[in-house]
Amino acid sequence: MSRKHFGTDGIRGRVGSPPITPEFVLKLGWAAGRVLGNGSHSKVLIGKDTRISGYMLESALEAGLSAAGVNILLLGPMPTPGIAYLTRTLHAKAGIVISASHNPHYDNGIKFFSGDGNKLPDAVESAIEAELERDMTTVESSRLGKAERVDDAAGRYIEFCKSSVPPLMDLRGIRIVVDCAHGATYHIAPHVFDELGAYVIAIGDRPNGLNINDEVGSTHPENLRQAVLKHGADIGVALDGDGDRSLLVDSNGDLVDGDDILYIVAQARKAAGELDGQSVVGTQMSNLGLELALGRLGIGFERTAVGDRYIMARMQEAGWVLGGEPSGHVICLDRTSTGDGIVSALQVLAEMRRSGKSLRELRQGVEKYPQRLVNVRLDRSMDVLGAESVRAAVTAAEAELAEQGRVLLRASGTEPLIRVMVEGRDEEQVRRLADQIADSVRELLG
């Protein structure tokens with residue numbers, strides 16, 4: 001059965017427009033309760049980021065789940081990986097995340113974790129969609145689900161994050177700027193680093209419901225760069241709105257992306273004998289420089305389609321523990337069950353402490369190829385990728401690059417965008433070719 005509502009990362013859209021309406025989310029809660037809870041007063045967790053629409057969508061989900069006879073545990077604002085962790089430790093049937101990650105406040109979304117803290121299998125999402133086609137019913141009053149709030153959710157997750165590094169490690173003497181993107185980590189990330197002994201300067205930690213990801217966080221690291229230089233920090237950590245990804249900034253203000261983080265963590269695991277012949281998983285967007293750098297360490301590298309769903313699937317299939325994307329979505333399955341911006345940043349800090357090296361020194365093994373990414377917004381439905389003019393522009397670019405680069409054209413799985421990526425040895429050539437392909441897409445769209 002093809003999926004009508006679920007994308008690569010749950011259901012997402014603009015608040016007030018289908019499917020992100022209270023009516024749809026009410027029925028989604030009911031359908032999910034029917035499939036996941038099976039009407040047996042089982043537990044389902046709900047957490048959210050700091051968008052103002054979270055109040056409305058939380059209430060709708062709660063009502064739908066209750067109507068299906070499922071009990072609800074409300075976590076309040078909580079990072080996506082924190083919801084995955086608490087779903088496991090509280091032995092819930094599922095965890096539901098209300099978030100649109102790095103998108104602006106006017107978007108929101110719903111995604112699910114299974115009881116083991118992993119994304120739902122396609123078959124379960126299809127079963128939920130099948131229930132959505134049925135008329136909604138309500139169980140008898142005596143079987144309605146109850147809701148209660150988990151008051152210590154933040155503290156539980158803070159302790160978990162701290163447990164992802166060696167127990168005797170401390171960060172005393174390290175100065176850290178943490179940008180929480182006015183999102184779900186605002187009341188968690190600063191405490192994690194502070195309790196490990198670091199001197200913490202927090203920015204992006206004043207959410208008001210409307211400012212999530214607004215010129216802050218991992219999608220806008222400029223403020224973090226300036227703060228690191230202003231405060232003479234050793235490292236800056238930029239999280240996104242739901243806390244499942246992070247980018248870093250070194251003491252010189254230079255950006256350290258997900259490829260760099262993956263290299264540093266892989267190098268540390270290799271030195272500790274913890275990779276045991278395993279490969280690292282990236283995507284089509286991963287820089288060629290990462291692949292070559294890992295190869296020099298004797299570490300294999302595989303690419304999947306873009307999206308953590310595909311990275312996770314390959315890691316689980318092969319029994320490997322490290323994977324990630326340049327965006328900062330890094331998965332350490334030897335520490336947690338999903339991408340976690342705080343945990344991945346802590347792995348880098350642990351290696352800084354163990355090796356005595358600065359962040360700048362640790363990432364020097366990666367020599368990045370110039371890469372240009374251009375996003376073209378879609379305002380109507382059209383087969384852009386199959387259009388003859390666009391395919392011709394891609395073919396011409398590939399011919400000019402020959403064996404010295406790559407071209408990737410794809411539709412975003414979370415936003416109405418066509419993403420154009422060109423990578424090669426010559427920066428000016430890469431920029432020119434990416435702009436040419438993007439122009440061909442714009443001309444097609446009129």
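What follows is a short tutorial dialogue on reading a predicted model.

Q: Let's start with sheets. What holds the strands of a sheet together?
A: Strands pair through backbone hydrogen bonds, and they do it either parallel or antiparallel. In this predicted model, take the open sheet of 6 strands, ordered β1-β5-β4-β2-β3-β6, where the pairing is mixed. Its edge strands are β1 (11–14) and β6 (147–149), each of which pairs on one side only. From one strand to the next the twist averages 20°.

Q: Which strand pairs with β6, and in what sense?
A: That's β3 (residues 71–77), and the two run in the parallel sense over 3 bridges. If you want a spot to click on, Ile72 has Ala147 in β6 as its bridge partner.

Q: Which strands does α1 lie across?
A: α1 lies across β1, β4 (94–98) and β5 (107–114), and its direction is at about 5° to β5. Helix α1 (22–37) also turns up in another contact: the buried residues of α4 pack against α1 and against α10 (308–318).

Q: Which residues of α4 are buried, then?
A: First the general idea: an α-helix has 3.6 residues a turn, so residues three or four places apart point the same way. Now go to α4 (residues 122–132), where the buried set is Glu125, Ser126, Ile128, Glu129, Glu131 and Leu132.

Q: What order do the strands take in the sheet of 3 strands?
A: The order is β16-β18-β17, in an open sheet with antiparallel pairing. On the edges sit β16 (371–377) and β17 (405–411), each pairing on one side only. Ignoring direction, neighbouring strands here are turned by 10° against each other on average.

Q: How many bridges join β16 and β18, and what packs on this sheet?
A: β16 and β18 (residues 417–424) pair in the antiparallel sense over 7 bridges. Val376, for instance, has Ile418 in β18 as its bridge partner. Packed on the sheet is helix α14 (residues 427–445), which touches β16, β17 and β18 and makes about 10° with the direction of β16.

Q: Is Glu427 in α14 buried or exposed?
A: Glu427, which lies in α14, counts as exposed because its relative accessibility is 52%, and the cut-off for exposed is over 50%. For a sense of distance, the C-alpha atoms of Glu427 and Ala345 are 29 Å apart, with their positions 82 residues apart along the chain.

Q: How do I describe two packed helices?
A: You give the angle between their axes and the distance between the axes. Try α5 (residues 153–162) and α11 (residues 341–355): their axes come within 9 Å and cross at roughly 30°. That angle makes α5 roughly parallel to α11, and the crossing is right-handed.

Q: Which residues meet where α5 and α11 pack?
A: From α5 you have Tyr157, Phe160 and Cys161; from α11 they meet Ile342, Val343 and Leu346.

Q: Which handedness does the β-α-β unit with α9 have?
A: The unit made by β12, α9 (residues 288–296) and β13 is right-handed. Its two strands, β12 and β13 (residues 300–304), pair in the parallel sense over 5 bridges, and Val280 has Phe301 in β13 as its bridge partner.

Q: How many residues of β12 are buried?
A: In β12 (residues 279–283), 5 of 5 residues are buried. Both faces are covered, with Ser279, Val281 and Thr283 on one side and Val280 and Gly282 on the other.

Q: Last one: what backbone geometry should catch my eye?
A: Most residues other than glycine have a negative phi, and most peptide bonds are trans. So look out for exceptions. The peptide bond from Pro18 to Pro19 is cis, with omega near 10°, and Pro19 is in the loop between β1 and α1.

Q: Where are the residues with positive phi, Ala181 and Ala402?
A: Ala181, with phi near 60°, is in the loop between β7 (175–179) and α6 (189–195). Ala181 counts as buried because its relative accessibility is 0%. Ala402, with a phi of about 55°, is in the loop between α13 (388–401) and β17. At 48% relative accessibility, Ala402 counts as partly exposed.

Definitions and conventions. Residues numbered from 1 in each chain as written. Predicted model: local features only at pLDDT ≥ 70, side-chain atom pairs only at ≥ 80, totals over all residues. Heavy atoms only, no water. Buried < 20%, exposed > 50% of the residue type's maximum accessible area, 1.4 Å probe, protein only. Helix = DSSP H or I, 4+ residues; strand = E, 2+ residues; numbered from the N terminus. Pairing = 2+ DSSP bridges. Right-handed = clockwise from strand over helix to strand, strands pointing away. Axes fitted to C-alpha atoms, helices over the stretch in contact; angles between N-to-C directions. Parallel < 35°, antiparallel > 145°, perpendicular 65-115°, else oblique. Left-handed = near helix turned anticlockwise from the far one by under 90°. Contact = heavy atoms within 4.5 Å.
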